[in-house]
Amino acid sequence: MKRINYLFITLLLAACSKTDKQLISEAETMIGSNADSALCLLNKVEDATHLSGEWKARYWLATAEAHIGSYQSLSEDSLVLYAIDYYQDKDSAMLCKAHALASSYYWWRDSFDKSKDMMRLSLDESRRAGDRTGTISKLRSLARMESLEGNLEGLKRYTEEVVKLDGGDKNQAKLLNSLAIEYFYHGNYDAAIATMERIVAYRDTAADSIYIWNDVMRNYADMLIAMGQLDKGIKMHEYLLDHYRHSTVLEDNQIGALFSLSHAWLLKGDKQKARQYMDMVDEEKATDATRFCMMAHRMVLNYATTGRYDMTEIAEYANNKRDSREKSEAVVEAKEWSMHNLRDHELMLTVSRQRQLIFFLILTLALMGIIFGLSVLAQKRKKLLAKQEEELKLLNEQLKSLQTVRKETPVATAEQAAPARITLTGSTSDTLALDVSNLIYIEAVGNYVKVYQLLNEKIKTDMLRATSKLIEEQLAAYPMMVRCHRAFIVNLDQVEQIISRAGTTQLIMKYSHDAVPVSRSNMAQIKAAIKDLL
């Protein structure tokens, strides 16, 4: 029984809920594909401070990665900094990851210097580990950071390192394009042109060939126009326009080329050519930003040809965009409100589930306690019954021995002095004469006693108006006559067996086979009588 209880407790505790470690492991597997769901799982971890060192570090890293994956800022840097401290000199891969996540956190918080410092530490870990892919990824990140800050020297250094490691045709066009633009903004036109030429050299073989045709070469042509090399810029745009017309992938890019050509011809002073290219633009396919630029260009073009400004189209577009933005903001606000309510609802469900779990756990433990208590009582009762059976067995043996001895040997002197026949006298003038040896038992019935005796091998009963106490006093000279109950006096010579039935002790009488009850208070009296007679 004890083993079953222990097994039940173990299974119950194992099945109650997922452990914090299981939640963290599941979240780690789904961060890449579903960061929001991973974050929900991590929010179910009740108290991360109670986790062991490794699991606490994994929890903080997973939480940081899930926040970044769902475009949410972390609340504090202690999350990833704890992981950095833990993995120091333990696991270079996890340390590298922790530094990268810390860099993302600081970037979100506009702490750009700290962000770059953390990314450099992550880069150092990748280099020490010989992780070429990780090293290139970290260099790319640092180059983007330098580009966003407008730091030409930093962008140049990291871009050149990436190209040196990975080659110029391995999706490096974006980095080189950013570098060329920075050169242009810093007035270093020769370096800008040289960098653009490096990219264009891989336009048909690079892994990001489409990006080169779509963005880099257009930027190059616009850069030439901005530097005053109008003919060269126009020639490149016309070349691009012809390429786009014959491409099934880039055919929608004709809009940008046409718009740039119109702008270039206007700068050159050819209003007719500028109008010609502008009329070829399909504005329905243009993006919002391009459409606004084209409206502004058309307004300038109209002014150049007619001498009048007409801002009606731009005003209508701006009003429509404002209405659209307000609607979008309302939708976003409603969505955020819904998400907030949903999170509150999920939190309430989580709390409710936890309460239910605690209730069922307490209920189960209470039931187990009751079962355990009942099992203990059952064991005690079993032992008690076994002890009673042993006592009854011994008592029956003593009773048999007594009855055998009384048949084979003379009885005690005190009993010899008592007559073999006795006349029982009631509370009135009633009397009953009988042989004591034939007396089986006497039962009290109201104001009478019922006397059972063996007469001519048959059971005969007689009623005598008297109390059992009065009759007991008259039988005091006969030690075999013993009170077993407040309503019964039995002859031990006539007891066939002592049994226990339904929790009570009974005397099975000879001849009549009646079951006479024995009260607990009189059981000791019977035992003493048998012992004394023996």
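The following legends describe close-up views of a predicted model.

**Figure 1. Overall content of the predicted model.** The protein has 20 helices and ten strands, and 38% of its 534 residues count as buried. Its accessible surface comes to about 31400 Å², and carbon and sulfur atoms account for 54% of that area. Among contacts between residues at least 6 apart in sequence, 51% join residues that are at least 24 apart. Across the whole structure, a search finds 16 salt bridges, while the number of disulfides is zero.

**Figure 2. The salt bridge between Glu149 and Lys116, and the network that includes both residues.** In this pair, the closest N and O atoms of Glu149 and Lys116 are 2.7 Å apart. The two residues are 33 apart and link distant parts of the chain, with Glu149 in the loop between helix H8 (132-148) and helix H9 (152-166) and Lys116 in helix H7 (residues 112-128). Glu149 has a relative accessibility of 35% and therefore counts as partly exposed, whereas Lys116, at 7%, counts as buried, the cut-off for buried being under 20% relative accessible area. Salt bridges link Lys116, Asp117, Arg120, Glu146 and Glu149 in a network. As a general background to this view, side chains of opposite charge can pair when their charged atoms come close.

**Figure 3. The salt bridge between Lys268 and Asp231.** The side chains of these two residues, Lys268 and Asp231, meet with an N to O distance of 2.4 Å. Because Lys268 lies in helix H14 (residues 254-268) and Asp231 in helix H13 (residues 230-245), the pair ties together parts that are 37 residues apart in sequence. Lys268 has a relative accessible area of 40%, and is therefore partly exposed.

**Figure 4. The salt bridge between Asp493 and Arg406.** Here the closest N and O atoms of Asp493 and Arg406 are 3.0 Å apart. Asp493 is placed in the loop between strand E7 (488-491) and strand E8 (495-501), and Arg406 in helix H17 (residues 312-408), so that parts 87 residues apart in sequence are tied together by the pair. The relative accessible area of Asp493 is 22%, which makes this residue partly exposed, while Arg406, with 18%, is buried; these two values lie on either side of the 20% cut-off under which a residue counts as buried.

**Figure 5. A nonpolar surface patch that includes Phe359.** The patch has an area of about 790 Å² and is made by Phe359, Phe360, Leu363, Leu367, Ile370, Ile371, Leu374 and Leu377. Phe359 is found in helix H17, the helix that also holds Arg406 of the preceding view. In general terms, an α-helix has 3.6 residues a turn, so residues three or four places apart point the same way.

**Figure 6. Helix H10 and the elements that cover its buried residues.** Helix H10 (residues 173-185) has 13 residues, which at 1.5 Å a residue should span 18 Å, and the end C-alpha atoms are 18 Å apart, in agreement with that expectation. The buried residues of H10 are Ala173, Leu175, Leu176, Asn177, Leu179, Ala180, Glu182, Tyr183 and Phe184, a list in which Asn177 and Glu182 appear alongside residues such as Leu175 and Phe184. The cover over these buried residues includes H8, H9, helix H11 (189-200) and helix H12 (209-226). After H10 comes Gly187, whose phi is positive, near 80°.

**Figure 7. Two residues other than glycine with positive phi, Asp110 and Glu457****.** For Asp110, phi is near 60°, a positive value in a residue other than glycine. Asp110 sits in the loop between helix H6 (92-108) and H7, and at 55% relative accessibility this residue counts as exposed. Glu457 likewise has a positive phi, near 60°, and its place is the loop between strand E4 (448-455) and strand E5 (458-465). With a relative accessibility of 76%, Glu457 counts as exposed, the cut-off for that class being over 50%.

**Figure 8. Cys40 and Cys484 in a structure with zero disulfides****.** Cys40 counts as partly exposed, at 37% relative accessibility, whereas Cys484 is buried, with a relative accessible area of 0%. The structure as a whole holds zero disulfides.

Key. Residues numbered from 1 in each chain as written. Predicted model: local features only at pLDDT ≥ 70, side-chain atom pairs only at ≥ 80, totals over all residues. Heavy atoms only, no water. Salt bridge = Lys/Arg side-chain N within 4 Å of Asp/Glu carboxyl O. Helix = DSSP H or I, 4+ residues; strand = E, 2+ residues; numbered from the N terminus. Buried < 20%, exposed > 50% of the residue type's maximum accessible area, 1.4 Å probe, protein only. Disulfide = S-S within 2.5 Å. Patch = residues over 30% accessible without salt bridge, like charges linked within 9 Å, V, L, I, M, F, W, Y side chains within 5 Å. Areas by Shrake-Rupley, 256 points an atom, 1.4 Å probe, with all protein chains shown as cover. Expected span 1.5 Å × (residues − 1). Contact = heavy atoms within 4.5 Å.
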